[in-house]
Each structure stands twice: as C-alpha cells, then as structure tokens.
Amino acid sequence: MSEARSRSSPQPACHPDGDLTAWPEQRYACDCGEELRAARMGPRINDWIYETLSGQRYRDDRPQLLRDDPARWWRELRRRMADGDMRATQLYSTVTAAENLGLTPWWHYHHPVTTLTASPARRPPFCCGSPMWVSPDGWACRVTGRLFPYLPAAH
C-alpha cells in the first residue's frame, strides 16, 4: 500500500437511523406498456434489473415476417427500395448499420418510466447524512457502501 493511501482520512462509521426492514415490492410501467418489477440482476450481483411479471427482461419487437422468414423480409425490403420507397431505404440503412455494429435495433431492455404502486409510507433510513440505497440484500450506505441486511418486519 502506498504511503499516501495509508495517510488518507478514515471512512466515517456507519450508524443507520430509521427502519431497516424491506420495502414492499413496487410495480412499474415500461414505455412499451409492460408492467415491471425489480429483480436481482444476478446470483452474485447485489443490484436491480427490471423484468415483466413473467420474468422477461427484454422485449423483441421484430416484425413477425422478420421473425418467421428473415430472407423473405430482406427481399421484400429490397423490392420496396427498388420501387422508390424512401421509408424502406431508411429502414434498410438503419437496420443494416445496427446489425453490422452488433446492435439489436428491434430489442429493448425494460426500464421503468413510471411507478404504478403507491410509494412506501415511510422514508428510507439515513446513514452518514444521506438516504440509504435499497438493494436486493439490504440497505446500503451511499457514502461507505456498507451493507445492512434487512431486519425482519415486526408483527
């Protein structure tokens, strides 16, 4: 460890103030119209990702013909371009460029744009002068990153 690092000021001691029980599950809406919930990002990742109530994390919006018969879809798009359809030309250019870059222009990962359920009636706990972050494993201090597992709810 470098000498400069060892002289740095110590991190503040975390003393959470507030209710450390888990908040009730919230529901959200994606701009595509799907109802979402927050889910654990991965088995070893203590962060959130959003998924539909059936567990889908992304949506495939490809036209049905492109799903069923991609070669035919591209042929018809080229035919429309040959007939002078400028929208077909724009679509061809956009999709070809995206696919050449390894992008998926027809898919999107779900992200909430609005909350459907009422906000919890309580404030988040505070630690080190800031509201704590709610994670899948518990409340986390935003200053130090220290995790405080959820306490059981009082009955």
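Thr 144 touches Gln 11, Pro 12, Cys 14 and Cys 128, leaving aside residues up to four places away in sequence; contact means heavy atoms within 4.5 Å. This is a predicted model, in which local features need pLDDT of at least 70 and side-chain atom pairs count only at pLDDT 80 or more, while totals for chains, interfaces and linings use all residues. Residues are numbered from 1 along each chain as its sequence is written, and side-chain values use heavy atoms, with hydrogens and water left out.

**Thr 144 and its surroundings**

- Thr 144 sits in the loop between strand 10 (138-140) and strand 11 (147-149); strands (E, at least two residues) and helices (H or I, at least four) are DSSP runs, numbered from the N terminus.
- With a relative accessible area of 18%, Thr 144 is buried (buried means under 20% relative accessible area, exposed over 50%, partly exposed in between, with a 1.4 Å probe and protein chains only).
- The side chain of Thr 144 also reaches the backbone nitrogen of Arg 146, at 3.2 Å.

**The sheet on either side of that loop**

- Strands 9, 10 and 11 form an open sheet in the order 9-10-11, with antiparallel pairing; two strands pair if DSSP finds at least two bridges between them.
- Strand 9 (133-135) and strand 11 are at the edges with a single partner strand each, so one side of each has no neighbour in the sheet.
- On average, neighbouring strands of this sheet are turned by 30° against each other, direction ignored (axes are lines fitted to C-alpha atoms, for helices over the stretch in contact, and angles run from 0 to 180 degrees between N-to-C directions).
- Three bridges join strand 10 and strand 11 in the antiparallel sense.
- Ala 140 has Leu 147 in strand 11 as its bridge partner.

**The four-stranded sheet**

- Another open sheet has four strands in the order 3-2-1-6, again with antiparallel pairing.
- Its edge strands, strand 3 and strand 6 (112-115), each pair on one side only.
- The average turn between neighbouring strands here is 50°, direction ignored.
- Strand 1 (residues 27-30) pairs with strand 2 in the antiparallel sense over three bridges.
- Tyr 28 has Leu 36 in strand 2 as its bridge partner.

**Salt bridges**

- The count comes to eleven salt bridges, a salt bridge being a side-chain nitrogen of Lys or Arg within 4 Å of a carboxyl oxygen of Asp or Glu.
- Glu 51 and Arg 37 form one of them, with the closest N and O atoms 3.1 Å apart.
- Glu 51 lies in strand 3 (residues 45-52) and Arg 37 in strand 2 (residues 35-42), so this pair ties together parts that are 14 residues apart in sequence.
- Glu 51 is buried at 9% relative accessibility, whereas Arg 37 is partly exposed at 21%.
- Asp 85 and Arg 80 form another salt bridge, the closest N and O atoms again being 3.1 Å apart.
- Both residues of that pair are partly exposed, Asp 85 at 26% relative accessibility and Arg 80 at 31%.
- Glu 25, Arg 27 and Glu 35 are joined into one network by salt bridges that share partners.
- Within that network, the side chains of Arg 27 and Glu 25 meet at 2.2 Å, N to O.
- Arg 27 is partly exposed, with 21% relative accessibility.

Methods:
A polar contact is a pair of N or O atoms within 3.5 Å; within protein, one must be able to donate a hydrogen and the other to accept it, and residues adjacent in sequence count only if both atoms are side-chain atoms.
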